[in-house]
Amino acid sequence: MDVQLLVVKDCPHEGPAAAILRQALDDVGLTDVPFTTRVVVDQTQAEALAFLGSPTILIDGRDPFAEPTQAPGLACRLYPGLSGVPPLTPLRQALRQAADHG
């Protein structure tokens, strides 16, 4: 399983998002699965990665929180509840689903 945390430089939510991601991986029994953090530096890269804002989590190249109306770009990202980090329960579900299909 390939898990990435995509951020923009100096993103204030990078640390909390990394903590939530590690917690979610551990909670679903994927304690041995690492993730990489990647800094998105420009609009071209954002479009190539379908980066919908910082932080974005990709699980096997897929953003489980992507909305079809969102456009890629270098911006801060808000998740449900106007939070700067993804919600834990849906993140766990996305990781479980990816592990089951991997």
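Me: Contact means heavy atoms within 4.5 Å. With that in mind, which elements do the buried residues of α1 pack against?

Reply: A word first: this is a predicted model. Helix α1 covers residues 14-27 and packs on the sheet. In α1, the buried residues are Ala17, Ala18, Ile20, Leu21, Ala24 and Leu25. The elements that these buried residues pack against are β1, β3 and α3.

Me: Why do the buried residues of α1 line one face of the helix?

Reply: The residues in question are Ala17, Ala18, Ile20, Leu21, Ala24 and Leu25. Looking down the axis of α1, you can place its buried residues on one face of the helix, because they fall within an arc of 165°.

Me: In what order do the strands of the sheet stand?

Reply: The sheet is an open one with 3 strands, and its pairing is mixed. Strands β2 (36-39) and β3 (56-59) each pair on one side only, as edge strands do. From one strand to the next, the twist averages 25°. Read across the sheet, the order is β2-β1-β3.

Me: In what sense do β1 and β3 pair, parallel or antiparallel?

Reply: Strand β1 takes in residues 3-7, and with β2 it pairs in the parallel sense over 4 bridges. On that side, Leu5 stands opposite Thr37 in β2. With β3, β1 also has 4 bridges, and here the sense is antiparallel.

Me: Which residue of β3 is the bridge partner of Leu6?

Reply: We can look for this residue in β3, which pairs with β1 in the antiparallel sense. The bridge partner of Leu6 there is Thr56.

Me: Is Thr56 buried or exposed?

Reply: Thr56 lies in strand β3, where it points one way with Leu58 while Ile57 and Ile59 point the other way. Its contacts beyond four places in sequence include Gln4, Leu5, Leu6 and Tyr79. Buried means under 20% relative accessible area. Thr56 has a relative accessible area of 0%, so the word for this residue is buried.

Me: Which residue's backbone oxygen does the side chain of Thr56 reach?

Reply: Thr56 is in contact with Phe51, Asp63 and Arg77, among others. There is also a backbone oxygen that its side chain reaches at 2.5 Å, and the residue that carries this oxygen is Gly53.

Me: What does the peptide bond from Ser54 to Pro55 look like, cis or trans?

Reply: Pro55 is found in the loop between α2 and β3. Omega of the bond from Ser54 to Pro55 is near 0°, and the bond is cis.

Me: What is phi of Ala50 near?

Reply: Ala50 lies in the loop between α2 and β3. With a relative accessible area of 40%, Ala50 is partly exposed. Its phi is positive, although the residue is not glycine, and is near 55°.

Me: Is Leu82 buried or exposed?

Reply: Leu82 sits in the loop between β3 and α3, and its phi is positive, near 55°. A residue counts as exposed over 50% relative accessible area. At 70% relative accessibility, Leu82 is therefore exposed.

Me: How does Gln45 count, as buried or exposed?

Reply: Gln45 is found in helix α2, which covers residues 43-49. Leaving aside neighbours within four places in sequence, Gln45 is in contact with Arg38, Val39 and Val40. The cut-off for buried is under 20% relative accessible area. Since its relative accessibility is 19%, Gln45 counts as buried.

Me: Which elements do the buried residues of α3 pack against?

Reply: Helix α3 (residues 88-101) runs at about 20° to β3. Its buried residues are Leu88, Leu91, Ala94, Leu95 and Ala98. Because they cover an arc of only 125° around the axis, they are on the same side of α3. These buried residues pack against β1, α1 and β3.

Me: Which residues are exposed on the other side of α3?

Reply: Arg96 also lies in helix α3, and with a relative accessible area of 40% this residue is partly exposed. On the side of α3 away from the buried residues, the exposed ones are Asp100 and His101.

Note on methods: Residues are numbered from 1 along each chain as its sequence is written. This is a predicted model: local features need pLDDT of at least 70, side-chain atom pairs count only at pLDDT 80 or more; totals for chains, interfaces and linings use all residues. Side-chain values use heavy atoms; hydrogens and water are left out. Two strands pair if DSSP finds at least two bridges between them. Helices (H or I, at least four residues) and strands (E, at least two) are DSSP runs, numbered from the N terminus. Axes are lines fitted to C-alpha atoms, for helices over the stretch in contact, and angles run from 0 to 180 degrees between N-to-C directions. Buried means under 20% relative accessible area, exposed over 50%, partly exposed in between (1.4 Å probe, protein chains only). A polar contact is a pair of N or O atoms within 3.5 Å; within protein, one must be able to donate a hydrogen and the other to accept it, and residues adjacent in sequence count only if both atoms are side-chain atoms. The arc is that of the directions from the helix axis to the C-beta atoms.
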